[in-house]
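Me: Please take a close look at one helix in this model and at what surrounds it. I would like a connected account rather than a list.

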Amino acid sequence: MSFLSKLRCVTVDVTGTLIAYKGELGDYYCMAAKAVGLPCPDYKRVHESFKFAYTEMAQKYPCFGFAAKMPNIVWWKTCVRNSFVKAGYDYDEETFEKIFRRIYASFGSAAPYTVFEDSQPFLRWAREKGLKVGLVSNAEYRYRDVILPALGLNQGTEWDFGVFSGMEGIEKPDPKIYEIALERAGNLAAGEVLHIGDSMRKDYVPAKSIGMHALLLDRFKTAEAENWRKAGTTVLPDLVHVQQLLLSDKFTV
């Protein structure tokens, strides 16, 4: 008997699992600055500063400011400004506003993202097999409303429901975000659901902690993947291999 016959739902992480960023973050920040007539900022400094600024904002105002009732655009504006300032670029308000608007528009579109070629076929296949398909992502509303549809991943054809941290006020690795997914799937038992992601900490561990099945993708051949395998985790290179495993009788997660 295949593992697929035991499942009623599959939940899937988004970034790193279904889609990926094109290029580097610094590329888009540089293009925005150049578009308003400024010299290109230092890519590496801006990229490193963004990581600090993003972590700081996520700690102070988690889930993109959900609890603080902070508008999404204000959260990102603060994060982007801090990224530039920490990198040594303290633009005047008018200049920064022009730069920010371009950055915010870019990352609210399909432009910075690419879809893995196996994503849409896998999601459609799962739904054709009678499984409910849910997305579980630490992302804000623009993923659901703008970005995913623009990339050809639509609710109703590729996925049935989504749980996005910026809209729920809960983010991975909090297991509660997976409990919400079970409710959205129709109050399914955890043992009837498989979660697929690319992070041991955010995907595998919390999903398993509430009784869900889980596996990880290693699309970029990361160093951590070998440790995941040694820990007994099922790690696969792509969704084609996931589909093959689900149809086999060798899946024991």
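**Helix α7 and its surroundings**

Reply: The model is a predicted one. What covers the buried residues of α7 includes the strands β2 (19–21), β3 (113–115), β4 (132–137) and β5 (161–164), along with the helices α4 (72–86) and α5 (93–106). Helix α7 itself spans residues 141–150, and its buried residues are Arg-142, Tyr-143, Ile-147 and Leu-148. Viewed down the axis of α7, these residues fall within an arc of 130°, so they line one face of the helix. After α7 comes Gly-152, which has a positive phi, near 85°.

One of the buried residues, Arg-142, lies over the face of Tyr-104, at 3.9 Å from the ring centre. A second arginine is placed in this way elsewhere: the charged end of Arg-219 sits over the ring of Phe-116, 3.9 Å from its centre.

Two of the covering strands, β4 and β5, belong to an open sheet of six strands, ordered β5-β4-β1-β6-β7-β8, with parallel pairing. Strands β5 and β8 (235–236) are the edges, each pairing on one side only. At the β8 end, two bridges join that strand to β7 (residues 213–217), and the two run parallel. Leu-217 has Leu-236 in β8 as its bridge partner. Helix α9 (residues 176–184) lies across β1 (9–12), β4, β5 and β6 (193–197), and runs at about 160° to β5.

The covering helix α4 leads to the aromatic residues. Across the whole structure, a search finds 18 aromatic pairs. In one of them, the rings of Tyr-29 and Phe-84 have centres 5.3 Å apart and planes at 40°, so the pair is tilted. Tyr-29 belongs to helix α1 (residues 25–35) and Phe-84 to helix α4, so this pair ties together parts that are 55 residues apart in sequence. Tyr-29 and Phe-84 are both buried, and the relative accessible area of Phe-84 is 0%.

Phe-84 also pairs with Tyr-91: the ring centres are 5.3 Å apart and the planes are at 70°, so this pair is edge-to-face. Tyr-91 has a relative accessibility of 14% and counts as buried, the cut-off being under 20%. These three residues are part of a cluster linked by ring pairs, whose members are Tyr-29, Phe-50, Tyr-54, Phe-64, Trp-75, Trp-76, Phe-84, Tyr-89 and Tyr-91.

Key:
Residues numbered from 1 in each chain as written. Predicted model: local features only at pLDDT ≥ 70, side-chain atom pairs only at ≥ 80, totals over all residues. Heavy atoms only, no water. Buried < 20%, exposed > 50% of the residue type's maximum accessible area, 1.4 Å probe, protein only. Helix = DSSP H or I, 4+ residues; strand = E, 2+ residues; numbered from the N terminus. Arc of directions from axis to C-beta. Contact = heavy atoms within 4.5 Å. Phe/Tyr/Trp six-rings, centres within 6.5 Å; stacked < 30°, edge-to-face > 60°. Lys NZ or Arg CZ within 6 Å of the ring centre and 35° of its normal. Pairing = 2+ DSSP bridges. Axes fitted to C-alpha atoms, helices over the stretch in contact; angles between N-to-C directions.
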